Amino acid sequence: MKLAAYPRSRPSGVDWLGDVPEHWDVKRGRFCMDINRRSIRLRELSSDDEVSFVPMEAVGEYGGLNLDQTRAIADVSSGHTEFEDGDVIVAKITPCFENGKGALAAGLTNGAAFGTTELHVLRARSVDRRFLFYLTISRAFRSNGEGEMYGAGGQKRVPPEFCKDFRVPLPTLEDQRVIADFLDRETSRIDALLAKKRTLIERLREKRTALISRAVTRGLPPEAARAAGLDPHTKLRPSGVDCLGDVPEPWKVLPFTKYVADRSDYRGKTPEKTQDGVFLVTAKNVRMGFIDYEASQEYVAAEEYDEIMRRGLPKKGDILFTTEAPLGNVALIDREDIALAQRIIRFRMKPDCFSSRFTLYAMMSDYFQLQLQSLSTGSTAEGLKASKLPILRIVTPPLQEQRTLADFLDRETSKIDQMVTKVEAAIERLEEYRAALITAAVTGKVDVRGAVA
């Protein structure tokens, strides 16, 4: 969409804002809204009335609230944020603020809510509430807020003074509503496209899992089997494992741990982290099938490495297995200059019985993951006790066939992964466009008045 600039502009007097349309005003937030005022609506209700309850996880990124939870007013003690329909809420703690958590409150039970104390509540006074919401999720508001955060470590917060002193670019109230109407329409269109692409990614990942599960329990598809010189129509027999069903006749179903040549369980004391040193692979880094070195970047001191890794050193081809939060993610070790954190077990399979790559795929399959779920314990986070490991069973083709299956899955999953990467890139571009469009509209860099039907 090509949008023109406003016909006449003037300097705003604010460095980050630059020029604004000639007829726009610029005011500090304290003159446009009330910040963190008590809810009038809550005081109109009875103590036994139900209202919405909003923890941080119920606040969407760049809009939206999950309103599944309610509480009676009498049951909510002090120490909660209060807000009501029409208020704009903004997460104030890192990383929620940087991630855009915030919403325009609407549809609250009895029109009011209690929420986490890590929210700022902005009540529009001389500004349209929808325009105010879009302003708070704009890059202008978020980037300036990041610069005002205070606190140590990972607990930095945006102070209320930032909201009070933030220089709000203000068109006329009529133009604010026009801008909000435009952004409602355009962001809805973008969000619909994003939803379709995210659904596509889900389906591609489901296809990937189904492909892996089929191959490691039934063998290659007929055409691929013929090309590999294998019988395309192998007879099946009962596996004896409920979640597995039938398997090819020549294949075995073996106790998983019996064929582990070396194992190290790194559960226990958390190693002391340092600013640099040896890269520490945590459960966050172990994704389903690979180590994501960007997901978490933590280090341990090189001089402490031998003590930290006293239970066993990693070798390329070893399998990492997460025992909790999340349970059951697996990856092959692809470099040896790493340390391993708690909630991870390292397996090295007997090479005369198992291919590491085939074992990795087998552990990602539905039947193996279902075994983990059936053996897991824990109310808040599923976990697997070491004593349960001997119960696990793994389907075992002949060794050469394992290698053939792993080669096939390497090729086919790579094709799916490439498609996922392309769709993810398209999502990133759409999100970038959405953020840029909102920021440009609320700061007067584009004139959207003619674009509203």
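Helix axes are taken here as lines fitted to C-alpha atoms over the stretch in contact, and the angles between them run from 0 to 180 degrees between N-to-C directions. With that convention in hand, the helix packing in this predicted model can be described. Helix H5, residues 173-218, packs against helix H10, residues 399-442, at an angle of about 170 degrees, and the two axes lie 10 Å apart. Because angles over 145 degrees count as roughly antiparallel, H5 is roughly antiparallel to H10. The contact of H5 with H10 involves 28 nonpolar residues, along with 2 polar and 12 charged ones.

H5 also has a second helical partner to consider, namely helix H8, residues 356-364. Here the packing angle is about 115 degrees, with the axes 9 Å apart, and the crossing of H5 and H8 is left-handed. On the H5 side the contact is made by Arg208, Ile212 and Val216, which meet Phe358, Tyr361, Ala362 and Met364 of H8. Sorted by class, the residues of this contact comprise 6 nonpolar, no polar and 1 charged. The H5 residues named above fit a familiar pattern of helix geometry. An α-helix has 3.6 residues a turn, so residues three or four places apart point the same way.

It is useful to set these helices in the context of the whole chain. The protein chain has 10 helices and 23 strands, and its C-alpha trace spans about 80 × 50 × 45 Å along the principal axes. Of the 453 residues in the chain, 47% are buried. Among contacts between residues at least 6 apart in sequence, 75% join residues at least 24 apart.

H10 can be followed further through one of its residues, threonine 439. Threonine 439 counts as buried because its relative accessibility is 15%, below the 20% cut-off for that class. A polar atom of its side chain lies 3.0 Å from the backbone oxygen of alanine 435. Leaving out residues up to four places away in sequence, threonine 439 touches Ser138, Arg139 and Ala140. Ala140 is also one of the buried residues of helix H3, residues 139-147, together with Phe141, Arg142 and Gly145. The buried residues of H3 pack against H10, and also against strand S8 (88-91), strand S9 (102-104), helix H2 (129-136) and helix H4 (160-165).

Past the end of H10, valine 446 lies in the segment that follows the helix. Valine 446 has a relative accessible area of 14% and is therefore buried. Its C-alpha is 6.3 Å from that of tyrosine 6, although the two residues are 440 apart in sequence. Tyr6 is also among the residues that valine 446 touches, in a set that includes Leu3, Ala4, Ala440 and Ala441 once residues up to four places away in sequence are set aside.

The loops contribute several backbone details. In the loop between S8 and S9, proline 95 follows a cis peptide bond from threonine 94, with omega near 0 degrees. A cis bond also joins alanine 325 to proline 326, with omega near 5 degrees. Proline 326 sits in the loop between strand S19 (319-323) and strand S20 (327-332), and alanine 325 is placed in the loop between S19 and S20 as well. Alanine 325 has a positive phi of about 45 degrees although it is not a glycine. With a relative accessibility of 39%, alanine 325 counts as partly exposed.

A positive phi, about 70 degrees, is also found at arginine 343, which is not a glycine either. Arginine 343 belongs to the loop between strand S21 (338-340) and strand S22 (344-349), and its relative accessibility of 24% makes it partly exposed. Alanine 341 lies in the loop between S21 and S22 too, but is buried because its relative accessibility is 7%. Its contacts beyond four places in sequence are with Tyr266, Leu280, Val281 and Thr282. The C-alpha atoms of alanine 341 and lysine 269 are 8.9 Å apart, with their positions 72 residues apart in sequence.

Methods. Residues are numbered from 1 along each chain as its sequence is written. Side-chain values use heavy atoms; hydrogens and water are left out. Helices (H or I, at least four residues) and strands (E, at least two) are DSSP runs, numbered from the N terminus. Angles under 35 degrees count as roughly parallel, over 145 as roughly antiparallel, 65 to 115 as roughly perpendicular and the rest as oblique. Ala, Val, Leu, Ile, Met, Phe, Trp, Tyr, Cys and Pro count as nonpolar, Asp, Glu, Lys and Arg as charged, and the others, Gly among them, as polar. A crossing is left-handed if the near helix is turned anticlockwise from the far one by less than a right angle, and right-handed if clockwise. Contact means heavy atoms within 4.5 Å. Buried means under 20% relative accessible area, exposed over 50%, partly exposed in between (1.4 Å probe, protein chains only). A polar contact is a pair of N or O atoms within 3.5 Å; within protein, one must be able to donate a hydrogen and the other to accept it, and residues adjacent in sequence count only if both atoms are side-chain atoms.
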